[in-house]
Structures are given as structure tokens and as C-alpha cells.
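Thanks for coming. I will go through one structure today and keep to what can be read from it.

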Amino acid sequence: VQQFVAQRALAVVGASRNPNKFGTMALKELKKRGYRVYPVNPHAAEIAGITCYHSLASLPEKVGGVVVVLPPAMAERVVQEAASAGIPQVWLQQGAESDAAIKYAESQGMNVIAGHCILMFAEPVGVMHRMHRFVWRLLGKLPR
């Protein structure tokens, strides 16, 4: 987890023009926290005032990781695209987890985090996510 959030350039696959969708909220929040973020959506030119890219291969710079906020059935394709683009890390946001995507990422030697909210770990972490992280630590559910 720490290795992933240390990357300052991240792609977000699953951000949409709907400001109420989690992918868009995560995109805006990561930008606010100082990350260079690149939304990836083949159906949008811009999301939340940020230029959108149609694929991971079309990004203007090599990113250190990709945050996936899509249904599990689509996650494996995104992980394969990330591997092809040379992106070494994938974060499968809660609800995007796919056994096939995780296995593929691991077979490619990628760092894969699954089933956790990136906003609990991307610094600076807000009060609510700090409290959530504290509870998870007590319960032994906090990833490393």
C-alpha cells in the first residue's frame, strides 16, 4: 500500500462525468491531495475539469499506478491494459475486485491491492478515513 500511494502520478479508470460516482470523487480527492491524476474513460474528453484519456496507453506520462473503479467483470481487461502499458501497480477499489484480475496482475509481477479504499491511505488522510483506518488496524484488517 505504501509503495502504491508513494507514486505521485496515477490513472483513475472508472471516473465518469457523473460527479456523484465514486470514481469521479476519488479522482478529485486524489488531485486535491497533490497527485497528478489522469482519468481514463473512452467516452469523455474531460472529467471534473481534467483532460480525460481514452486508454492507459494514451496517457501523457508514465504513471506509477492505476486505480480501478469499475465492475469486477471489467477489471481484468484494465489490469491487462496496465501491464501492456508498463504500469507496475494496480489498486482494485472496493467493488472492483476480481479473482481473475488479481491472478493476472500477480502473474505479471505487479503490485496489486484489492478491496480497500485508496482514500484511507493517500496522504493527507482526512479525519473519517483516519478513524476507519484505526478501526481496521484494531481488527487486523489493515493491509501493509
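I will start with the overall layout, then take the strands, one loop serine, the largest pocket and one unusual backbone angle.

Please keep in mind that this is a predicted model. The chain has 144 residues, and 47% of them are buried. Its secondary structure comes to five helices and seven strands. Reading from the N terminus, the order is α-β-α-β-β-β-β-α-β-α-β-α. As for contacts between residues with a separation of 6 or more, 55% of them join residues 24 or more positions apart.

Now the strands, beginning with E1, residues 9-13. Are the faces of E1 covered or open? Both are covered: Ala-9, Ala-11 and Val-13 are on one side, Leu-10 and Val-12 are on the other, and all of these are buried. Because five of the five residues in E1 are buried, the strand is largely enclosed by the rest of the structure.

The partner to look at is E2, residues 36-40, where four of the five residues are buried. E1 and E2 run parallel and pair over five bridges. If you want to find the register on your screen, Val-12 stands opposite Pro-39 in E2, and Val-13 stands opposite Val-40 in E2.

Another parallel pair is E5, residues 65-68, with E6; three bridges join them. Here Val-67 stands opposite Trp-91 in E6. Strand E6 covers residues 89-92, with Gln-89 and Trp-91 pointing one way and Val-90 and Leu-92 the other. All four of those side chains belong to buried residues, Gln-89 included.

Next, the loop that follows E1. Ser-16 sits in it, between strand E1 and helix H2, which spans residues 22-32. Is Ser-16 buried or exposed? Its relative accessibility is 18%, and the cut-off for buried is under 20%, so Ser-16 counts as buried.

What does Ser-16 touch, leaving aside residues up to four places away in sequence? The list is Lys-21, Thr-24, Asn-41 and Ile-47. Within its own loop, a polar atom of the Ser-16 side chain lies 3.1 Å from the backbone nitrogen of Asn-18. For a distance into the helix, take Leu-27, eleven residues along the chain from Ser-16: the two C-alpha atoms are 9.6 Å apart.

On to the largest pocket. Rolling a probe the size of a water molecule over the atoms shows where empty space is left. The largest pocket holds about 200 Å³ of space. Which residues lie nearest its centre? They are Val-13, Val-40, Pro-42, Leu-70 and Arg-77, out of 15 residues in the lining. Two of these names came up a moment ago, as Val-13 of E1 stands opposite Val-40 of E2.

Helix H3, residues 72-84, gives the largest share of that lining, with four residues. By type, the lining has eight nonpolar, five polar and two charged residues.

The last item is a backbone angle. Most residues other than glycine have a negative phi. Ala-48 is not a glycine, yet its phi is positive, at about 55 degrees. Where is Ala-48 found? It is in the loop between strand E3, residues 46-47, and strand E4, residues 50-51. Ala-48 has a relative accessible area of 45%, so it counts as partly exposed.

That is the end of the list, and I can take questions.

Notes
Residues are numbered from 1 along each chain as its sequence is written. This is a predicted model: local features need pLDDT of at least 70, side-chain atom pairs count only at pLDDT 80 or more; totals for chains, interfaces and linings use all residues. Side-chain values use heavy atoms; hydrogens and water are left out. Helices (H or I, at least four residues) and strands (E, at least two) are DSSP runs, numbered from the N terminus. Buried means under 20% relative accessible area, exposed over 50%, partly exposed in between (1.4 Å probe, protein chains only). Contact means heavy atoms within 4.5 Å. A polar contact is a pair of N or O atoms within 3.5 Å; within protein, one must be able to donate a hydrogen and the other to accept it, and residues adjacent in sequence count only if both atoms are side-chain atoms. On a 1 Å grid over the protein atoms alone, a cavity is a set of points where a 1.4 Å probe fits but cannot get out, and a pocket is an open set with protein on both sides within 12 Å along at least five of seven lines; lining residues have an atom within 4 Å of a point. Grid points are joined across faces, edges and corners, and a volume is the space filled by probe spheres set on the points. Ala, Val, Leu, Ile, Met, Phe, Trp, Tyr, Cys and Pro count as nonpolar, Asp, Glu, Lys and Arg as charged, and the others, Gly among them, as polar. Two strands pair if DSSP finds at least two bridges between them.
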